[in-house]
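Visitor: Could you take me to one part of this structure and look at it closely with me? I would like to begin with a helix and its packing, and then follow the chain to whatever else deserves a look.

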Amino acid sequence: MNDQTSTTDAKMVSIRPGPSVLSVLRYLNYKPWFALAEFVDNALQSYIANADALKALHGNLPKLRVTIRLDTSPPGRITISDNAAGIAWADFPRAFRPAVAPPDAEGLSEFGMGMKSAACWFSSTWQVRTKALRETVERTVRFDVAKITRDELEELLIAEHPAPTDAHYTEITIDNPHHLPVGRTVGKIKEHLTDIYRVFLRKGILELVVDKEVLTYEEPPILVAPYERKPEAGPRIWRKDISFVLGDGQKVEGFAALRDPGNFARSGFALFRRGRLIEGSGEEGYRPHFIFGSSSSYRHLRLFGELHMTGFNISHTKDGFRWDDDEQPFLELLKDHLDSDDLPLLRQADLFRALASKKDRKKAAEIALGRTSEVLAQNLPSLLPSIVDVAPSETATDPLPKQQPLSQRELQFTFRGQPWTVKIELSDDPSGGDWLSMSDIAATGKDPQTLEIRLSMAHPFMLSFAQTDPNEVEAVLRIATALALGEMIARSGGVRLAGTIRRNVNDILREALSKPSVTEA
């Protein structure tokens, strides 16, 4: 930057307490998109606060345009410019002093730190060039944090130049940044800023340009399908308005919906305050376990929404809420509203199944097939003789040995005039060597036809693939149940030694298919 030229009547701006504060701002825990958002916030607040004056000048309210330019050629430069109302001379004493809150703390610039903290996080050398609406001069203030700290400066020179009265703009230039966005980070910045300012983009208030790309927000597609528990009722749009009050001035409004197709990366809630997203942008959606469950759940795949929070406190970097003791009551009320009987989003998310995209299915199929083929090639040649040379096996007709189950269910029904009992049990006893055990006990007198099915959760196959995720356990349990029912039906149809298949499956799962592939290892 050019040296400042001193004059006898030079104007100065106070940055007190500058040296002690500015030097530590580069160590804030910012992410580049939240740092850049500070400048957009200032432009939006200036635009909103001066909307009447801008409308009077132009005859109608022009769209706010904020442009972020990233120059990656060494030493690098970031430039943020806008056509808002500029920084008025009356606001200079506050605008450049750290931690001096604006008179109106209900807007987007509430802490009095945004521009200073974000600029100093990016670099030690930066400047602000601004022309305020209805004023006759352009003013430039240059920051060199190393010099400010070294010389313990508490005031900075303001360079002034004549400018047209009707001009209005601000340009912030950040030189030699410590954190210069490059490569994939630029794409993430675009993605996050689009999410953060989606409300203003939707309304047509804001045009946001990053690296020559005009950002646009695309609305996620919403599931239209019958409720899985009442398919006869016909298709429904799986979107609902959300509104509730927690007390002490805290209020939540917005919507929740299910995506179609599902998207694990883009699910979750976006939490807003004063129209600006605070938490849940990009692939970092707000997905509390209390509502979403495990990361592989179907809720994680489909549930999303926007919630506008009133009366909640946020961090000074505006990248999260300061929940204190408010989060759990908020989540409990939210969960009740999400799954109310008028449109039970959570139940539908848990139950609904749809064919994933061919691309995703192909990728999953290729990975699974590759790993399974590798394991079989490694283990089958040595395993097959011990299976083939063993005598066939019959289905047990006595009750299974008693064990303390993890969980169990008993079903009773009548089939072709014959009472049936089906007992399904999940066992955690490591002494039971088989993955799947069963017994087929014929009806005698008053006793019903009884089928006992036991799946061992302690089996190596379950330890490898299905332990704590209910969806994974359910899928395996359904396959095991189908095998047991298939064996029982085959036996009742006259097939001899029907238990041989199950016995062989147990051996193959333990000795071959429970083992990791070299690729996984």
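Guide: What follows starts at one helix pair and its core, and then visits several loops and a strand. Please keep in mind that this is a predicted model.

Let's begin with helix α2, which covers residues 32–49, and helix α5, which covers residues 114–122. Their axes come within 9 Å and cross at roughly 145°, and the crossing of α2 past α5 is left-handed. On the α2 side, the residues in contact are P32, A35, L36, E38, F39 and N42. Facing them from α5 are G114, M115, A118, A119, W121 and F122. Sorted by class, this contact has nine nonpolar residues, two polar ones and one charged one.

F39 leads us from this helix pair into the core. The largest nonpolar core has 59 residues, and F39 belongs to the group that touches the most other members, together with F96, L193, Y197, L206 and L208. Helix α2 supplies the largest share of this core, with 10 residues. As background, nonpolar side chains in soluble globular proteins tend to be buried together.

Y197 shows how this part of the core is connected. Setting aside neighbours within four places in sequence, Y197 is in contact with A37, V40, D41 and L44, and also with L206, L208 and R276. L206 and L208 thus appear twice in our picture, as contacts of Y197 and as members of that group of core residues. There is also a second, separate core of 31 residues, which includes W238, I314, L338 and L345.

Next to that last list in numbering comes a serine worth a stop. S315 sits in the loop between β16 (303–310) and α11 (327–338). Is S315 buried or exposed? S315 counts as buried because its relative accessibility is 17%, below the 20% cut-off. The side chain of S315 makes a polar contact of 2.8 Å with the side chain of D319.

From here, strand β13 is a good place to look at contacts between distant parts of the sequence. F255 lies in this strand and is buried, with a relative accessible area of 11%. F255 and E306 are 51 residues apart in sequence, yet their C-alpha atoms are 5.5 Å apart in space. Not counting residues up to four places away, F255 touches R239, K240, D241 and I242, then F269, and finally F304, G305, E306 and L307.

Two pairs show the reverse relation. D360, in helix α13 (residues 358–388), is 23 residues from H337 in sequence, with 32 Å between their C-alpha atoms. D360 is partly exposed, at a relative accessible area of 47%. T395 lies in the loop between α13 and β17 (405–415), and its C-alpha atom is 35 Å from that of I367, 28 residues away along the chain.

T395 is also interesting for its surroundings. T395 is buried, with a relative accessible area of 5%. Leaving out neighbours within four places in sequence, T395 is in contact with M438, D440, E487, R491, A498, G499 and R502. With one of these, E487, T395 forms a side-chain polar contact of 2.5 Å.

Let's finish with the backbone. Most residues other than glycine have a negative phi, and most peptide bonds are trans. L497 departs from the first pattern, with a positive phi of about 55° although it is not a glycine. L497 lies in the loop between α15 (470–492) and α16 (499–513) and is partly exposed, at 28% relative accessible area. E152 also has a positive phi, of about 50°. E152 is found in the loop between α6 (145–151) and β6 (155–162), where it is exposed, with a relative accessible area of 62%.

Which peptide bonds here are cis? One is the bond from P74 to P75, with omega near 0°, and P75 is placed in the loop between β2 (64–71) and β3 (77–82). Another is the bond from D260 to P261, with omega near 5°. P261 lies in the loop between β13 (250–258) and β14 (268–273), which brings us back to the strand that holds F255.

Methods
Residues numbered from 1 in each chain as written. Predicted model: local features only at pLDDT ≥ 70, side-chain atom pairs only at ≥ 80, totals over all residues. Heavy atoms only, no water. Axes fitted to C-alpha atoms, helices over the stretch in contact; angles between N-to-C directions. Helix = DSSP H or I, 4+ residues; strand = E, 2+ residues; numbered from the N terminus. Left-handed = near helix turned anticlockwise from the far one by under 90°. Contact = heavy atoms within 4.5 Å. Nonpolar A, V, L, I, M, F, W, Y, C, P; charged D, E, K, R; others polar. Buried < 20%, exposed > 50% of the residue type's maximum accessible area, 1.4 Å probe, protein only. Polar contact = N/O pair within 3.5 Å; in protein donor to acceptor, adjacent residues only side chain to side chain. Core = buried A, V, L, I, M, F, W, Y, C linked by side-chain atoms within 4.5 Å.
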